[in-house]
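Work through the exercises below with the model open beside you. Try each task before reading its solution.

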Amino acid sequence: MIYILDTADTKKIARCCEFYPIDGVTTNPTIISKEHEDFGKLIKAIRNIIGDERMLHIQITASTCADIIKEAQAVQEYVGGNLYIKIPISAEGLKATSALKKMGMKVTETAIFTQQQALIAAKAGADFVAPYVNRLDNIVSDGVNVVLETVELLKAHNLDTKVLAASFRTVEQVHKIALAGTHAVTLNPALLDALIYHPLTETAVQGFSNDWKSIYGDKKILDMLK
Ligand code: G3P
């Protein structure tokens, strides 16, 4: 499973990269605008924190193929490293996806809500397709099923494109799309913390500590191996 952070908050990115096995960061114009910072400085700061090897997915704001390509090239030059250009699916976006792939750039097709959007983006050459699970669940659609069938379609048609499931509110959603075979998931830091939390784990750890102290007091393992 590829774990990606869906935030542009540099403090949260630094903390998550310190503690969790994080493979990269995704952003979009909403996520970027929440930080109220200069776009260029912000994406450079994120790149510095995560390093050149981790993936950085940056979404363009242009809507025509020619302008998408210009923005993609500018972002690539500016931020460098392991970069994916995020393009919301559209006819112009698909044209730009094919063109960027021919130019040797990597693309994540985003704002995916149906299996057929994902399939055609894959055919155009997208490296990742990003279905929005929670937004589908919110309209009483089935986000997990879109992920499941997209994974199946990509396999059935021998396409190398990976599914980067996005838009989550609950650990249960993340669990279900993991079972559905998604290749990657992008999560906000709070949900990442929630993934590893369980009250019984806390109880278990407290029990270990109490039992140890009842026999050995404040002595630590290192004190006892001298
Ligand atoms: O990566 C896409 C994601 O940011 C959308 O998530 O929570 O706004 O539905 P959300």
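## Exercise 1: A lysine and its partner

Lys-226 is exposed, with a relative accessible area of 83%. The model is predicted.

**Task.** Find which residue forms a salt bridge with Lys-226, and state how exposed that residue is.

**Solution.**
- Step 1. Apply the cut-off: a side-chain nitrogen of Lys or Arg within 4 Å of a carboxyl oxygen of Asp or Glu.
- Step 2. The partner is Asp-223, and the closest N and O atoms are 3.9 Å apart.
- Step 3. Asp-223 is partly exposed, with a relative accessible area of 38%.
- Step 4. Count such pairs by this rule, and the result is six salt bridges.

## Exercise 2: Two more salt bridges

**Task.** Take the salt bridges of Lys-70 and Lys-101. Work out where the two residues of each pair sit in the fold.

**Solution.**
- Step 1. Lys-70 pairs with Asp-67, with 3.7 Å between the closest N and O atoms.
- Step 2. Both belong to helix H4 (residues 65-79), three residues apart, so about one helical turn separates them.
- Step 3. Check the surface: Lys-70 is exposed at 55% relative accessible area, while Asp-67 is partly exposed at 36%.
- Step 4. Lys-101 pairs with Asp-127, and here the closest N and O atoms are 2.9 Å apart.
- Step 5. Lys-101 is in helix H5 (residues 91-102), whereas Asp-127 is in the loop between helix H6 (115-124) and strand E6 (128-131), so this pair ties together parts 26 residues apart in sequence.
- Step 6. Lys-101 is partly exposed, with a relative accessible area of 26%. Asp-127 is also partly exposed, at 22%.

## Exercise 3: Two residues to place

**Task.** Decide whether Met-105 is buried or exposed, and do likewise for Thr-97. Then list what each one touches, leaving out residues up to four places away in sequence.

**Solution.**
- Step 1. Locate Met-105: the loop between H5 and strand E5 (106-112).
- Step 2. Its relative accessibility is 6%, so Met-105 counts as buried, the limit being under 20%.
- Step 3. The contacts of Met-105 are Ala-72, Gln-73, Gln-76, Ile-85, Leu-100 and Asp-127. Asp-127 is also the salt-bridge partner of Lys-101.
- Step 4. Thr-97 lies in helix H5 and is buried, with a relative accessible area of 0%.
- Step 5. Thr-97 touches Ile-87, Val-107, Glu-109, Ala-124, Gly-125 and Ala-126.
- Step 6. For a distance check, take Met-105 and Lys-34: they are 71 residues apart in sequence and 27 Å apart in space, C-alpha to C-alpha.

## Exercise 4: Helix H6

**Task.** Identify which residues of H6 are buried and what covers them.

**Solution.**
- Step 1. The buried residues in H6 are Gln-115, Ala-118, Leu-119, Ala-121, Ala-122 and Ala-124.
- Step 2. Their cover includes H5, E5, E6 and helix H8 (143-156).
- Step 3. Look past the end of the helix: Gly-125 follows H6, and its phi is positive, near 115 degrees.

## Exercise 5: Positive phi outside glycine

**Task.** Describe the setting of Ala-111 and Asn-158, and give phi for Ala-111 and Asn-158.

**Solution.**
- Step 1. Recall the background: most residues other than glycine have a negative phi.
- Step 2. Ala-111 has a positive phi of about 55 degrees. Ala-111 sits in strand E5 and is partly exposed, with a relative accessible area of 24%.
- Step 3. Asn-158 has a positive phi near 50 degrees. Asn-158 is in the loop between H8 and strand E7 (162-165). At 69% relative accessibility, Asn-158 counts as exposed.

## Exercise 6: The ligand

**Task.** Name the residues around the ligand. Then find how much of the ligand's area the protein buries.

**Solution.**
- Step 1. Around the ligand are Asp-6, Asn-28, Ile-31, Tyr-132, Arg-135, Ala-166, Ser-167 and Arg-169.
- Step 2. Read off polar pairs. A side-chain N or O atom of Asp-6 is 2.7 Å from a ligand oxygen. For a polar side-chain atom of Asn-28, the distance to a ligand oxygen is 3.2 Å. The side chain of Ser-167 has an N or O atom 2.7 Å from an oxygen of the ligand.
- Step 3. Taken alone, the ligand exposes 300 Å², and the protein buries 84% of that.

## Exercise 7: Domains

**Task.** State how the chain is divided and what distance separates the domain centres.

**Solution.**
- Step 1. The chain splits into domain 1 (2-195) and domain 2 (201-226).
- Step 2. Taken over C-alpha atoms, their centres are 43 Å apart.

Note on methods:
Residues are numbered from 1 along each chain as its sequence is written. This is a predicted model: local features need pLDDT of at least 70, side-chain atom pairs count only at pLDDT 80 or more; totals for chains, interfaces and linings use all residues. Side-chain values use heavy atoms; hydrogens and water are left out. Helices (H or I, at least four residues) and strands (E, at least two) are DSSP runs, numbered from the N terminus. Buried means under 20% relative accessible area, exposed over 50%, partly exposed in between (1.4 Å probe, protein chains only). Contact means heavy atoms within 4.5 Å. A residue is near a molecule or strand if one of its heavy atoms lies within 4 Å of it. A polar contact is a pair of N or O atoms within 3.5 Å; within protein, one must be able to donate a hydrogen and the other to accept it, and residues adjacent in sequence count only if both atoms are side-chain atoms. Accessible areas come from the Shrake-Rupley method with a 1.4 Å probe; for residues, only the protein chains shown count as cover. Domain bounds come from an automatic or database domain assignment.
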